[in-house]
Amino acid sequence: MKRGGSTYWSVGSLGAFGGSKRKASRPSDRLTFAIERAKIELPITKRATIVDVPLPPSTNNLFFNMASGGRKITEKYRAWKNEAAQMVRAQGVRRVPGRVFLSYTFEDGATKADIGNLEKAATDMLVDLGVIDGDGPSVVRGISLRWENCKRMCIEVLSADEGAK
């Protein structure tokens with residue numbers, strides 16, 4: 001979402017993540033987006049913690065190549081996105097605007113996937129749900145990944161902006 005100018009984007013409502021970007025009808029201090037045809041507004045905070053989310057599929061298993069060319073989302077990734085989105089929304093997670101640091105903790109021994117290959121799907125989920133403004137270097141200022149004894153996956157989003165508490 002672009003804050004400096006007059007362009008505000010929201011995610012379309014073709015399923016939990018399948019929508020296309022379109023201009024929002026009015027700017028607001030809260031990010032408004034539609035997920036599964038339900039309008040949701042996330043309050044703003046400086047810190048968000050998400051716990052007990054299923055482990056995402058490895059980056060190697062998110063898309064498959066089509067015979068006609070191009071790539072398509074795998075059914076495993078689609079199912080994970082829908083389940084994870086429901087769990088995150090149920091936790092009442094707030095939006096952390098601006099620049100952020102992300103910290104991921106994955107359940108030790110729960111998968112044989114490379115730890116770096118688990119981050120992409122989880123970060124994309126945060127963007128799609130409106131928890132963070134984007135996943136580029138102007139927004140995500142650092143990412144921490146670790147294995148620990150937690151249940152499945154835990155995510156902490158911290159504001160990197162001045163004066164964050």
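This is a dialogue on how to read some features of a predicted model.

User: Where do I begin: how many helices and strands does the secondary structure of the protein chain come to?

Analyst: Start with an inventory of elements, then read their order. In this predicted model the secondary structure comes to two helices and ten strands. From the N terminus on, the elements run β-β-β-β-β-β-β-α-β-α-β-β.

User: What share of the 165 residues of the protein chain counts as buried?

Analyst: Of the 165 residues, 40% count as buried. A further figure concerns contacts between residues at least 6 apart in sequence: 71% of these join residues at least 24 apart.

User: Now the sheet. What is the order of the open sheet of four strands?

Analyst: Read a sheet across its strands, not along the chain. The order here is β5-β10-β8-β9, and the pairing is mixed. The edge strands are β5, residues 47–53, and β9, residues 140–148, each of which pairs on one side only. From one strand to the next the twist averages 10°.

User: Which pairs of strands are parallel and which antiparallel?

Analyst: Take the pairs one at a time.
- β5 and β10 are antiparallel, with five bridges; in this pair, T49 stands opposite E156 of β10.
- β8 and β10 are also paired in the antiparallel sense, over seven bridges, and Y104 has I155 in β10 as its bridge partner.
- β8, residues 100–107, runs parallel to β9, and eight bridges join them; T105 has R146 of β9 as its bridge partner.

User: Is β10 mostly covered or mostly open?

Analyst: Count its buried residues. Six of the seven residues of β10 are buried, and the strand is mostly covered.

User: Which helix packs on the sheet, and which strands does that helix touch?

Analyst: To place a helix on a sheet, list the strands in contact with the helix and then take an angle. Helix α2, residues 116–128, packs on the sheet and touches β5, β8, β9 and β10, the last being residues 153–159. The direction of α2 makes about 125° with that of β8.

User: Which residues of α2 are buried, and what do they pack against?

Analyst: The buried residues are N117, L118, E119, A121, A122, T123, D124, M125 and L126. They pack against β5, α1, β8, β9 and β10. As a general point, an α-helix has 3.6 residues a turn, so residues three or four places apart point the same way.

User: How do the axes of α1 and α2 cross?

Analyst: Look at distance, angle and hand. The axes of α1, residues 75–90, and α2 come within 11 Å and cross at roughly 50°. That makes α1 oblique to α2, because an angle outside the roughly parallel, roughly antiparallel and roughly perpendicular ranges counts as oblique. The crossing of α1 past α2 is right-handed.

User: Which residues make the contact of α1 with α2, and of what class are they?

Analyst: From α1 come Y77, W80, A84, A85 and V88, and from α2 come A121, A122, D124 and M125. By class the contact has eight nonpolar residues, no polar residues and one charged residue.

User: Q86 lies in α1 too. Is Q86 buried, partly exposed or exposed?

Analyst: Use the relative accessibility. Q86 is at 46% and counts as partly exposed, because that class lies between the 20% and 50% cut-offs. The C-alpha atoms of Q86 and V53 are separated by 9.6 Å, with the two positions 33 residues apart along the chain.

User: What should I look at after the end of α2?

Analyst: Check the backbone and the burial. Just after α2, G130 takes a positive phi of about 80°. L129 lies in the loop between α2 and β9 and is buried, with a relative accessible area of 2%. The C-alpha atoms of L129 and V88 are separated by 8.6 Å, although the two residues are 41 apart along the chain.

User: Which residue has a positive phi although it is not a glycine?

Analyst: Most residues other than glycine have a negative phi. R152 has a positive phi of about 60° and is not a glycine. R152 sits in the loop between β9 and β10 and is partly exposed, with a relative accessible area of 24%.

Methods. Residues numbered from 1 in each chain as written. Predicted model: local features only at pLDDT ≥ 70, side-chain atom pairs only at ≥ 80, totals over all residues. Heavy atoms only, no water. Pairing = 2+ DSSP bridges. Axes fitted to C-alpha atoms, helices over the stretch in contact; angles between N-to-C directions. Contact = heavy atoms within 4.5 Å. Parallel < 35°, antiparallel > 145°, perpendicular 65-115°, else oblique. Left-handed = near helix turned anticlockwise from the far one by under 90°. Nonpolar A, V, L, I, M, F, W, Y, C, P; charged D, E, K, R; others polar. Buried < 20%, exposed > 50% of the residue type's maximum accessible area, 1.4 Å probe, protein only.
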